[in-house]
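The following exercises are to be solved with the sequence and the model at hand. Each task is followed by a worked solution.

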Amino acid sequence: MSPTDRAFMAHALGLGRRTMGQTWPNPSVGCVIVREGRVVGRGWTAPGGRPHAEPQALAQAGEAARGATAYVTLEPCAHHGLTPPCTDALIAAGVARVVAPFPDSDPRVFGRGFAALRAAGVAVETGVMAEEAGRDHVGFLTRVRMGRPHVTLKLAASLDGRIATATGESQWITGTGARAYVHAARAQSDAVMVGAGTVRADDPSLTARGMGVSRQPVRVVVSRLIDLPLMGQLARTARDVPVWLCHGPDAPSETRRAWQGLGAKLLPCRLSGRQLDPGSVLDALGQAGLTRIFCEGGGALAATLMQADLVDEFMGFTAGVALGAEGRPSLGALGIDRLAEAHRFALIETRAVGGDILHRWVRAD
Ligand code: AOF
Ligand code: ZN
C-alpha cells in the first residue's frame with residue numbers, strides 16, 4: 001500500500017467523520033475520487049444515512065471519474081436497499097480502481113461489493129487504514145455484529161472520583177473547556193443516555209448545543225417506571241429533539257400515555273430482578289437503529305452497565321478539586337471483592353482540556 005493511498009484514505013476518513021452521529025442506522029462513510037493525483041470528487045453519507053457517500057462524490061467528479069481511483073472508507077454496498085447499489089454507480093461512472101479498508105459486515109453486503117467490482121473489471125485494494133476505519137465505524141460494526149450499540153461512558157469527576165457533593169451540588173466540577181468537549185462528543189453520538197435519577201436531579205436538556213448539527217442526538221432515559229418530571233426540559237422539548245424512554249413492563253399505563261402524548265418514543269425492556277436488564281435496554285436501542293451511545297450517568301446506570309460488561313469505552317474528565325468521602329461517587333456499587341474480578345480498560349488517550357485532564361480508555365480483551 002502506497003503513502004499516496006494512505007493519504008487519500010485519511011482524507012476520506014476525515015470526510016466520513018463529518019456526519020458521525022447523524023447517519024444512524026447507517027455508518028458515516030467518506031469517499032474521495034482521485035484522477036491523476038488530484039481530488040475530483042468528495043462525498044460523505046448524508047445525515048439520516050442517505051444518500052450514501054459514493055454517488056455524491058461521483059456526481060461531483062462527473063466525467064473525471066472515468067479511469068479514476070475511488071477511496072471509500074467501507075466496502076461499497078452491492079444491495080438494493082433504500083438506495084441503488086453504490087457498486088453499480090462506481091462501475092457505470094467508469095472508475096478503474098477502488099481502495100477500501102475492509103468488507104462491510106452488513107450481511108447484505110459482506111464481500112459482495114468487492115466481488116461485483118472485480119467482476120466488472122475494477123481493480124480492488126483492501127486493508128488500507130483498516131485500524132483507523134475500524135475505530136470510526138465501531139458503532140455500526142458493533143450493531144451489525146452484536147445487535148447492540150457501542151457504549152461510551154462519560155465520567156466527569158473530582159480528583160478523588162466524586163461527581164457531586166453530599167448535598168448533590170455538581171455544577172460545575174469541570175471547566176468550560178471540558179464541557180464544550182462533551183458537547184462535541186454528544187454531537188458525534190447517535191444518542192445521549194442517562195438514568196432517571198440524573199433527570200430528576202439535574203433536569204438536563206442533553207442536546208449538543210452550538211455544534212451546528214442538522215440531526216441532534218436522540219435523548220435516551222432509562223427508567224423502569226418512567227418516574228420523570230412531566231414539566232421538565234425533556235418533556236417540554238420532546239417534539240423538537242427525540243426523547244426515547246426505556247422502561248419496564250410495570251411502568252404505569254397512564255404515565256406511558258402521557259409521555260407518548262408529549263412526543264416521546266417508548267421502548268419496553270425486560271427486567272432483571274428489580275431493575276431493567278441493561279442487555280435488554282441496549283438490544284432495544286440497537287433494534288431501533290442506534291449505533292453509538294454516549295452515556296452520561298448517573299452512578300446507578302453506569303454501575304449497572306459496568307457490571308454487565310457493556311461499557312466499551314470510558315471518557316473521563318478529572319478536575320483539580322477534591323470532594324472527599326462524603327461526595328457522591330461516580331459509580332454505584334459493583335460488588336467487586338477481589339481485584340481479579342474487576343474489568344480492565346486500556347488507556348488510548350490523555351491530554352489536558354482547559355484546566356482538566358481528559359483520559360480515554362477502551363475495554364481490554
Ligand atoms: C455505502 N456507502 O455511504 C453507506 C453505506 O438502507 P440503505 O440502502 O441505505 O443501505 C444501508 C447499508 O448500506 C448499511 O447497512 C451499510 O451496509 C451500507 N452503508 N454503504 O456504500 C455509504 N452509508
Ligand atoms: Zn452504498
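**Exercise 1.** Determine which residues H52 touches, leaving out residues up to four places away in sequence.

*Solution.* Step 1: apply the contact criterion, under which the C-beta atoms of two residues, placed from the backbone, lie within 7 Å. Step 2: list the partners of H52, which are V29, T45, C77, T83 and C86. Step 3: locate H52 in the loop between strand 2 (38–44) and helix 2 (53–61); helices (H or I, at least four residues) and strands (E, at least two) are DSSP runs, numbered from the N terminus. Step 4: assess burial. H52 is buried because 28 other C-beta atoms lie within 10 Å; buried means 20 or more such atoms within 10 Å of the residue's own, exposed 12 or fewer, and partly exposed in between, with C-beta atoms placed from the backbone.

This is a predicted model, in which local features need pLDDT of at least 70 and side-chain atom pairs count only at pLDDT 80 or more, while totals for chains, interfaces and linings use all residues. Residues are numbered from 1 along each chain as its sequence is written, and chains are lettered from A and ligands numbered from 1 in the order in which they are written.

**Exercise 2.** Which residues does the UniProt annotation "binding site" cover, and what is the largest C-alpha distance among them?

*Solution.* Step 1: the annotation, from an unreviewed entry, covers H52, C77 and C86; such annotations may be inferred rather than shown by experiment. Step 2: these positions are spread over 35 residues of sequence, yet they cluster in space, with a largest C-alpha distance of 9.1 Å. Step 3: C77 lies in the loop between strand 3 (69–72) and helix 3 (86–92). C77 is buried, since 26 other C-beta atoms lie within 10 Å. Its contacts include H52, C86 and D104.

**Exercise 3.** Compare the expected span of helix 7 with the distance between its end C-alpha atoms.

*Solution.* Step 1: the expected span is 1.5 Å times one less than the number of residues. Step 2: for the 12 residues of helix 7 (176–187) this gives 16 Å, and the end C-alpha atoms are 17 Å apart, so the two agree. Step 3: the buried residues of helix 7 are A178, V182, A185, R186 and A187. Step 4: these buried residues pack against several strands, among them strand 6 (150–157) and strand 8 (191–195).

**Exercise 4.** State how the chain is divided into domains.

*Solution.* Step 1: the chain comprises domain 1 (3–137) and domain 2 (147–363), with bounds from an automatic or database domain assignment. Step 2: their C-alpha centres lie 33 Å apart. Step 3: the contact takes 7 residues from domain 1 and 12 residues from domain 2.
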